[in-house]
Amino acid sequence: MPAISPASGPVAVTGASGYIGSWVVHDLAAQGYRVRACVRDVANPAKVDHLLAMNDGSLRGEVELFEADLFQEGSYDNAFAGCAAVIHTAAPLGYNRETPQETYDGCFTQTQPIIDSTLKAGTVKRFVFTSSFAAVTYPCEDGYVFTERDWADEHPDAYGGAWTVENIPKNRGIAYKMSKCASERLLYETAEREGTFEAMGIMPAYVIGPVMCENHDQVQSFQYWIKEMMKGNPYGKTPGGRMQWTNCDVRDVARAHRLCIESTVAGNGSRYIIGASELDGILFTWQMRERLMELFPGVAEVGGEPMDDGKPAEPTSDTQRAFAFLAMQELGLKPYAIDDTLRDTVNSYYKIGLL
């Protein structure tokens with residue numbers, strides 16, 4: 001399939017009001033694309049004002065809002081009609097507010113209607129899906145480095161019997177992983193069979209970076225917890241605050257989606273992990289705290305995990321390593337340095353008044 005450019009036609013973005021979706025819209029518009037930003041409610045200022053503000057003349061392209069709902073069949077038909085590409089970032093996730101079954105349905109079952117609207121349009125040549133690092137990882141030994149060749153669903157035995165269809169309604173983590181793997185496979189198989197478009201996957205790791213609006217401060221998101229740490233609160237997303245952060249910048253995640261539609265190298269089934277660009281982008285919580293303290297020396301107290309004599313009170317497993325090397329090599333992605341990402345994340349919270 002030919003690579004896409006602004007001259008090819010509009011590009012539709014699902015989940016356009018979300019954290020990743022908004023930056024995808026911004027990146028496309030900055031490059032001169034006509035963007036069809038799909039949101040559930042075009043009349044909700046908290047979720048669309050920052051998108052409409054992109055039409056202030058500072059960007060080369062333009063943004064048009066389209067109302068569409070993942071759970072309403074055919075609601076994307078109008079938005080996709082005449083589009084050269086679709087970037088599917090939408091996933092109705094509210095950070096643990098959904099049941100495991102709702103998580104699975106929203107991330108996989110509702111992928112088919114999106115595909116149906118894509119095929120109905122008849123003009124879409126590239127389809128880029130926001131998958132997840134969760135579709136890659138599985139329980140492994142410390143120090144293992146995950147690559148795009150890894151699939152979570154190819155290691156069911158590593159989950160101690162939990163990786164079953166019957167377990168989807170009981171285990172949100174498994175439901176999410178299974179849904180992302182299943183969606184990727186469905187997309188690649190459909191694209192291969194139909195022959196009218198190519199599908200590619202972006203697998204972001206731990207996404208942080210600047211927020212555009214208060215709506216992007218989703219409780220339990222990684223950016224939310226950086227804000228909380230800057231308030232002096234302990235990191236609370238994981239037990240004991242212990243976690244290995246494989247960081248990536250939301251702006252790099254967005255840019256990788258666009259580079260996929262423009263690539264002359266990527267093809268159907270191409271997958272790209274957006275993880276760390278350097279080893280220093282992989283940080284344990286105590287290291288994250290130290291880095292934030294160095295970047296913002298005027299902040300009295302930065303939270304983190306329990307420490308004992310300047311060292312972590314308990315060790316953290318080293319099982320989340322991954323890098324954006326393939327995206328850098330094949331797509332030409334040039335990621336932000338980790339210090340710039342952290343600095344911009346925190347400063348964006350100051351800018352919108354949440355710090």
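# Strands, rings and contacts in a predicted model

Me: In this predicted model, how many residues of strand β9 (residues 244-249) are buried?
Reply: Strand β9 covers residues 244-249 and is mostly covered. On one side lie Gln 244, Thr 246 and Cys 248, and on the other Trp 245, Asn 247 and Asp 249, with both faces covered. In a regular strand the side chains alternate between the two faces of the sheet. The count of buried residues in β9 is six of six.

Me: Which residue of β9 is the bridge partner of Val 207?
Reply: Strand β8 (residues 206-208) pairs with β9 over three bridges, in the parallel sense. Within that pairing, the partner of Val 207 in β9 is Cys 248.

Me: Which residues of strand β7 lie on the side opposite Glu 198, Met 200, Ile 202 and Pro 204?
Reply: β7 takes in residues 198-204, and seven of its seven residues are buried. Both of its faces are therefore covered, not just the one that carries Glu 198, Met 200, Ile 202 and Pro 204. The residues on the other side are Ala 199, Gly 201 and Met 203.

Me: What is the bridge partner of Thr 130 in β7?
Reply: Strand β5 (residues 126-130) runs parallel to β7, and five bridges join the two. The partner of Thr 130 in β7 is Ile 202.

Me: Which residue of β10 is the bridge partner of Pro 204?
Reply: β7 also pairs with strand β10 (residues 271-274), in the parallel sense and over four bridges. In β10, the partner of Pro 204 is Ile 274.

Me: Is Ile 274 buried or exposed?
Reply: Ile 274 is found in strand β10. Leaving aside neighbours within four places in sequence, its contacts include Ile 202, Met 203, Pro 204 and Ala 205, as well as Cys 248, Ala 324 and Leu 333. Its relative accessibility is 1%, and the cut-off is under 20%, so Ile 274 counts as buried.

Me: What separation do the C-alpha atoms of Ile 274 and Val 253 have?
Reply: Val 253 is one of the residues in contact with Ile 274, and Asp 252 and Ala 256 are also among them. Ile 274 and Val 253 are 21 residues apart along the chain, and their C-alpha atoms are separated by 6.3 Å.

Me: What is the angle between the planes of Tyr 76 and Phe 80?
Reply: The structure holds 14 aromatic pairs. One of them joins Tyr 76 and Phe 80, with 5.5 Å centre to centre. Tyr 76 is buried at 5% relative accessibility, and Phe 80 is buried at 0%. The pair is tilted, and the angle between its planes is 40°.

Me: Which residue of the pair Tyr 138 and Tyr 144 counts as partly exposed?
Reply: Tyr 138 and Tyr 144 form a tilted pair, 6.3 Å centre to centre and 45° between the planes. Tyr 138 has a relative accessibility of 12%, so it counts as buried. At 26%, the residue that counts as partly exposed is Tyr 144.

Me: Which residue lies over the face of Phe 222?
Reply: Phe 222 belongs to a cluster linked by ring pairs, together with Tyr 206, Tyr 224, Trp 225, Tyr 235 and Trp 245. At 4.9 Å from the ring centre of Phe 222, over its face, lies Lys 237.

Me: Over which ring does the charged end of Arg 251 sit?
Reply: The charged end of Arg 251 is 3.7 Å from the centre of a ring. That ring belongs to Tyr 336.

Me: What is the relative accessible area of Ser 17?
Reply: Ser 17 is placed in the loop between β1 (11-14) and α1 (19-30). Beyond four places in sequence, Ser 17 touches Ser 22, Val 39, Lys 47, His 50, Leu 51, Asn 215 and His 216. Ser 17 is buried, and its relative accessible area is 14%.

Me: What is the radius of gyration of the protein?
Reply: The protein has eleven helices and 14 strands. For 355 residues the globule rule gives 20 Å, and the protein is close to that value, so it is as compact as a globular protein of that length. Its radius of gyration is 20 Å.

Me: What share of the residues in the protein is buried?
Reply: The protein exposes about 14700 Å², of which carbon and sulfur atoms supply 48%. Among the 355 residues, the buried share is 55%.

Methods
Residues numbered from 1 in each chain as written. Predicted model: local features only at pLDDT ≥ 70, side-chain atom pairs only at ≥ 80, totals over all residues. Heavy atoms only, no water. Buried < 20%, exposed > 50% of the residue type's maximum accessible area, 1.4 Å probe, protein only. Pairing = 2+ DSSP bridges. Phe/Tyr/Trp six-rings, centres within 6.5 Å; stacked < 30°, edge-to-face > 60°. Lys NZ or Arg CZ within 6 Å of the ring centre and 35° of its normal. Rg over C-alpha atoms; globule rule 2.2 N^0.38 Å. Areas by Shrake-Rupley, 256 points an atom, 1.4 Å probe, with all protein chains shown as cover. Contact = heavy atoms within 4.5 Å.
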